[in-house]
Amino acid sequence: MIETIDKRTESAQVFRVFAEIYKTPTLEIWKEITQNDLLPKLRDAVQELYQIKTTEWKDVQPDSYDQLISSYMATIGKAAIPVESLYKPWTQDETCTLAFAREKGYLQGDSALHIRFILNEMQISIPSEYEGTPDHLAILLELLAYFIEHAPKSFTAEFIGDHFDWLDNFAFKLESNTGQTFYLEITRVLIATMKAFRSTYL
Amino acid sequence: MLDTKLSRRGFIKASAATAALASAGTAGFNQWSNNYVKAGGKAEIKEIASTCNACSSKCGMIGHIKNGRLWKLTGHPDHPYSKGKLCARGHGYATVVYSEDRLTQPLKRVGEGKFEPITWEKAYEEIAAKLNKIIKEFGPQSVALTEDPRATGKFYSPRFINALGSANYYTHHVVCSNARDAGFLHTVGVTATSADISNAKYIMFIGRSYGDGIRPSSVQSLATAKDNGAKIVIVDPRLNNTGNLATEWLAIRPGTDLALVLAMSHVLIKESLHDLEFIRNYTMGFEEYAKELRKYTPEWAEGITGIPADSITRIAVDMGKAKPKALIEQSWRGAFGCNYENSTETGRAVAMFNALLGNYQQKGGSIFGGKVNLGKLDEKKYPNPGEPDEPQAGSKQFPLAYKGSGVATIVAKEALEGKMKAAIYYHSNAALGYGNPKVMKEALSKMDLVVAIDVQMSETALLAHYVLPEVTYIERDEVIEGLSGKIPGIALRQQMVEKVHPQTKPVHEIYTELARACGVGQYFNFTLDDLNEAMLAPTGITYKELKEKGTIMFPDQEITLGEMPELKTPSGKIEYYSETYKAAGFKPIVEWIEPKVSPANDSFRLITGKQAIHSHTQTANIPILMQITKDYDLERIWINPARAKVLGIKDGDLVEVKSSEAVSKIRVKVTERIHPEAIFVPSHYGITSKDLKTGYGIGFGYMEHVPFDFEKWSGSGNIHEVIVNVRKVKS
């Protein structure tokens, strides 16, 4: 039992670190990457927890902070934004008559409203830069980490089922639109980790 | 355990969340979601009256907002342009608010096509330092500001550049209506009239298409006119989408509209069908004009236009008989807004033709619209920067151009000459749409500072040193807009939803904050509300009332038909003879001017125009509008079957279009709806900014083929003075 709790805590920590990677890069995270071996540690953690073997990230890891910023700007900051709404039909509201109501590719879809609803219910405030995109992957992963530690398993399972079913499409977009591999490799491992976590612990 | 200090950065703070989670119990997300859906289904729907921004019409619209998001859009029933309807562009362009391709934060260019985020404060600081340095070193005339004007920009943009001591304010009209504006301005005293279409008995459109450049009320008016039995003649090398309502299409040789209008004017006078009383009362210089017109016979015009002399005579006579309920519609760009070396003269000839019909301020004729008297800021409290000492760049070279628009491409010309050092572009993709993109790119790259304020990474933004992200029109309040017309009115654009991207700002805030950084904040010591309150003061309408209604018309101020207003020409009359022209070195009486270039037997004139689903290149990145383009292959060029046959080209073939400036590959539409000497290409395509993922790579950019040029009279872009060769190539 204690071991399970520890592993849930460790899993939560893994998802928190993933969340950090999808946020706008800061010097703080760059220092963690370069001075505290964040990526090898993350790699070891997913291998230990879920037996996921990853390729060496050294080859894809940016060489400098500027390169990390560039990579972010060219990929998840622009060409393949990790926001759930973009990958799902905008609304299920049948009374909505907007021309794009059933189309994919638009921000503030139903999933954004749902996350905003959850955040409001739980009285969680998020940084202003994410207020318009509350279903950004960084927010979703932090919420997931929190639920893993504090919510019933069924709760967490539903959350994963509802809000992480778009990651394959996101990875495809990263691969086809950006030509840069750092965030793509991270995302592939995230997808594998998510699947393994679900089947192992939920 | 994954050991990292990063977890401190996390957003989720446990205490409150844990309590809330506990209170949610084991119901789980399904129940939460169900509650959410139920709550959402019953959510209050707010209606916010505002205006569209999909084109320059800015039709009134109502946003129906549910759960803080757009839920429905409808046309504002009181607005004179929408009359309860919105066009496809209006519905489609609104999606921009939720677009994934929007600019979300201020950016600084750090390499070719490479940008890094920068804070607003730092961006203001750096831009202000550069602007002030340039002004100190080269003078205020070395900085310029260009926009495609909307209500807020019309007030704030010139005020901002004037505050810096520069008169260099420009608008997109250099590739829109500069020529028409100049022709009308020096003939009837305004840059444009409107038209009482629904009551007209005979309407001629020259290049203008209500079915393509849609304003819902205009289409309704034209349909009413047709129902009432009006004759509707389209003069256009292309059978445009107003064709459904037309009674006749004159497939004129492109660039020769002036000859047609001169010859029809000739016929009116020769047949004594001109309105002598109107001419006597309200015009000057008629005798000289009539004398000049003697040589412009229908037979002469037939040789130039390709339209049979009999048709020219018949139409002119019929229009003369239908006067004053007959008119040539004033157009915007149409065929004479900026297309040919003779466009200003065509605009002038059209204004004069309408005067021959005596149709000004007549039912079914041309209308000088009334305007609501709006107030101004109290200058004692809110100082106005005033007129700069140095004249607007380009005003000496093009003294006939309307000063309110200027000649925007002079900025590029003077940049290439090393005189213009800084340029701000607001809501303007000048680099792609105003002049030849290669020239524009070179010009912008020569400047020490280029700033773009936009909602998306346009080609101009890509060339800018700083890109400042604006909120979309769905997310902002604006300055009150006066609506000119038979019944004048006012309209207000209002914020419908919260900002999607928190770091974006409305342009009035950007100008105010940048002005402070530049040390001229004293000219922006008021809020948008202060300004709007001041504007409303004389009207008797409260700001609250306007916010509720969005559009308010003033029927008690309806113009009186039959009463000519005092004209703003130097003589106060319609000028068939212009001393202004003479002083500027031009012939004071309208005359035939040859187009600058003409196609040979094996070449074509490249012409462009609108499609009903797009506005300029502004809508090219809107997925649901571009999908229509893709579904119907709308990016294709049009070629006449007779010419296609000679070239061995079949419908759908891939061809190469080659001009003096560029080579493009595109598929063809073979159609009788285009004059044999012309190739038509819609003007909405050829996006080269990879950040605009939907628009990128579709079709080719018309302007790539247009030599960088200025029409001699108005400085407009001569955008149809382009010769191309076409040949079939392998797919």
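Two strands pair if DSSP finds at least two bridges between them. The model discussed here is predicted.

User: Which residue of β27(B) stands opposite Arg605(B)?

Analyst: Start with the strands. In chain B, β22 (residues 604–609) and β27 (residues 723–728) pair in the antiparallel sense over two bridges. Opposite Arg605(B) in β27(B) stands Ile723(B).

User: Over how many bridges do β24 and β27 of chain B pair?

Analyst: Strand β24 of chain B covers residues 654–658. Here Val655(B) stands opposite Lys728(B) of β27(B). The pairing of β24(B) with β27(B) is antiparallel, and its bridges number four.

User: What span should helix α8 of chain B have, at 1.5 Å a residue?

Analyst: The helix runs over residues 257–270 of chain B, so it has 14 residues. The expected span is 1.5 Å times one less than that number of residues. The end C-alpha atoms of α8(B) are 20 Å apart, which agrees with the expected 20 Å.

User: How many of the 14 residues of α8(B) are buried?

Analyst: A residue is buried if 20 or more other C-beta atoms lie within 10 Å of its own. Helix α8(B) is mostly covered. Its count of buried residues is 13.

User: Which residue just after α8(B) takes a positive phi?

Analyst: Look just past the end of the helix. The phi there is about 55°. The residue is Ser272(B).

User: Which element gives the largest share of the side of chain B that touches chain A?

Analyst: The contact takes 57 residues from chain A and 47 from chain B. On the side of chain B, elements that give two or more residues include α1 (14–24), α2 (28–41) and α22 (623–631). The largest share is seven residues, and it comes from α2(B).

User: How many residues on the side of chain B that touches chain A are charged?

Analyst: Take that side by class. Nonpolar residues number 22 and polar residues 15. The charged residues number 10.

User: How far apart do the C-alpha centres of the domains of chain A lie?

Analyst: The domain assignment of chain A gives domain 1 (2–81 + 137–201) and domain 2 (83–135). Their C-alpha centres lie apart by 21 Å.

User: Which helices of chain A each supply at least two residues of the side of domain 1 that touches domain 2?

Analyst: The contact takes seven residues from domain 1 of chain A and 11 residues from domain 2 of chain A. By class, the domain 1 side has five nonpolar, two polar and no charged residues. The helices are α6 (137–150) and α8 (167–177) of chain A.

Note on methods. Residues numbered from 1 in each chain as written. Chains lettered and ligands numbered in written order. Predicted model: local features only at pLDDT ≥ 70, side-chain atom pairs only at ≥ 80, totals over all residues. Buried ≥ 20, exposed ≤ 12 C-beta atoms within 10 Å, placed from the backbone. Contact = placed C-beta atoms within 7 Å. Nonpolar A, V, L, I, M, F, W, Y, C, P; charged D, E, K, R; others polar. Domains from an automatic or database assignment.
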